[in-house]
Amino acid sequence: MDQFALYKKWFWIGIVMSLFSVVGGLVYGIAVLMDEKHRKEGAILVAFSLVWFFFATFVLGPWLIKSGILPNYRLLKVQ
């Protein structure tokens, strides 16, 4: 019985790991991608990690700053 097939618990643990840490999700996805039996799952994990990173960086972050939930910090210019 394959414990890492698509939609099994370890696949979903990889998805949740990607939500909390993009680097961790990428490392986990690449490790799964190296296994010949689980290339499909690994590719999905890597793609999800990258899509989540770009969504959080360019859509979610600016929206949270604009709505006032997150503070907007600026670096000071040194003259």
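Okay, one definition before anything else: a residue is partly exposed when its relative accessible area falls between buried, under 20%, and exposed, over 50%. F54 sits at 43% relative accessibility, so F54 lands in that partly exposed class. Keep that in mind, since I'll come back to F54 in a minute.

So, what you have up there is a predicted model. How confident is the chain on average? The mean pLDDT is 88, and 91% of the residues score at least 70. Going by element, helix 3, residues 39-66, has the highest mean pLDDT at 94, and helix 1, residues 9-20, has the lowest, at 90. The usual caution still applies: where pLDDT is low, don't read the predicted coordinates in detail.

Let's start with S49. That serine is in helix 3. Buried or exposed, then, for S49? Its relative accessible area is 0%, so S49 is buried. And which residues is S49 in contact with, if we skip the neighbours within four places in sequence? The list is S18, V22, G25 and L26.

Now pick up L26 from that list. L26 belongs to helix 2, which covers residues 22-33. With the same sort of sequence neighbours left aside, meaning those within four places, L26 is in contact with V46, S49 and L50. Its relative accessible area is 22%, and because buried means under 20%, L26 counts as partly exposed. If you want a longer distance from there, L26 and T57 are 31 residues apart in sequence, and their C-alphas are 16 Å apart.

Over to helix 1 for a second. I13 lies in that helix, and at a relative accessible area of 36% I13 is partly exposed. From I13 to Y28 you count 15 residues in sequence, and the C-alpha to C-alpha distance is 9.8 Å.

Okay, the aromatics. How many aromatic pairs does the structure hold? Four. Take W52 and F55: their ring centres are 5.8 Å apart and the planes sit at 35 degrees, so that pair is tilted. Those two are three residues apart in helix 3, so about one helical turn separates W52 from F55. Both are partly exposed, W52 at 23% relative accessibility and F55 at 37%.

Then there's F53 with F54. Here the centres are 5.3 Å apart and the planes are at 70 degrees, so we call this pair edge-to-face. The reason for the label is the cut-off: edge-to-face means planes over 60 degrees apart. F53 is at 37% relative accessibility and so is partly exposed, and F54, as I said, is partly exposed at 43%.

Which residue joins F53 and F54 in a cluster? F58, through ring pairs. F58 is also in helix 3, and at 59% relative accessibility F58 counts as exposed.

Zoom out from the rings and you get a surface feature. L50, F53, F54, F55, F58 and V59 form a nonpolar patch there, with about 580 Å² of accessible area together. Note that L50 turns up again: that leucine of the patch is also one of the contacts of L26.

Last stop is past the end of helix 3. L70 sits in the segment after that helix, and its relative accessible area is 39%, which makes L70 partly exposed. What is L70 in contact with, again leaving aside neighbours within four places? L64 and I65. And to V32, L70 is 38 residues away in sequence and 34 Å away in space, C-alpha to C-alpha.

To recap the two spots I'd point at on the screen: S49, buried at 0% and in contact with L26 among others, and the nonpolar surface patch that includes F53, F54 and F58. That's my bit.

Key. Residues are numbered from 1 along each chain as its sequence is written. This is a predicted model: local features need pLDDT of at least 70, side-chain atom pairs count only at pLDDT 80 or more; totals for chains, interfaces and linings use all residues. Side-chain values use heavy atoms; hydrogens and water are left out. pLDDT is the predictor's confidence in each residue, from 0 to 100. Helices (H or I, at least four residues) and strands (E, at least two) are DSSP runs, numbered from the N terminus. Buried means under 20% relative accessible area, exposed over 50%, partly exposed in between (1.4 Å probe, protein chains only). Contact means heavy atoms within 4.5 Å. Rings of Phe, Tyr and Trp (its six-membered ring) pair if their centres lie within 6.5 Å; planes under 30 degrees apart count as stacked, over 60 as edge-to-face and the rest as tilted. Patches are made of residues with over 30% relative accessible area and no salt bridge: like charges are joined within 9 Å, nonpolar side chains (Val, Leu, Ile, Met, Phe, Trp, Tyr) within 5 Å. Accessible areas come from the Shrake-Rupley method with a 1.4 Å probe; for residues, only the protein chains shown count as cover. A salt bridge is a side-chain nitrogen of Lys or Arg within 4 Å of a carboxyl oxygen of Asp or Glu.
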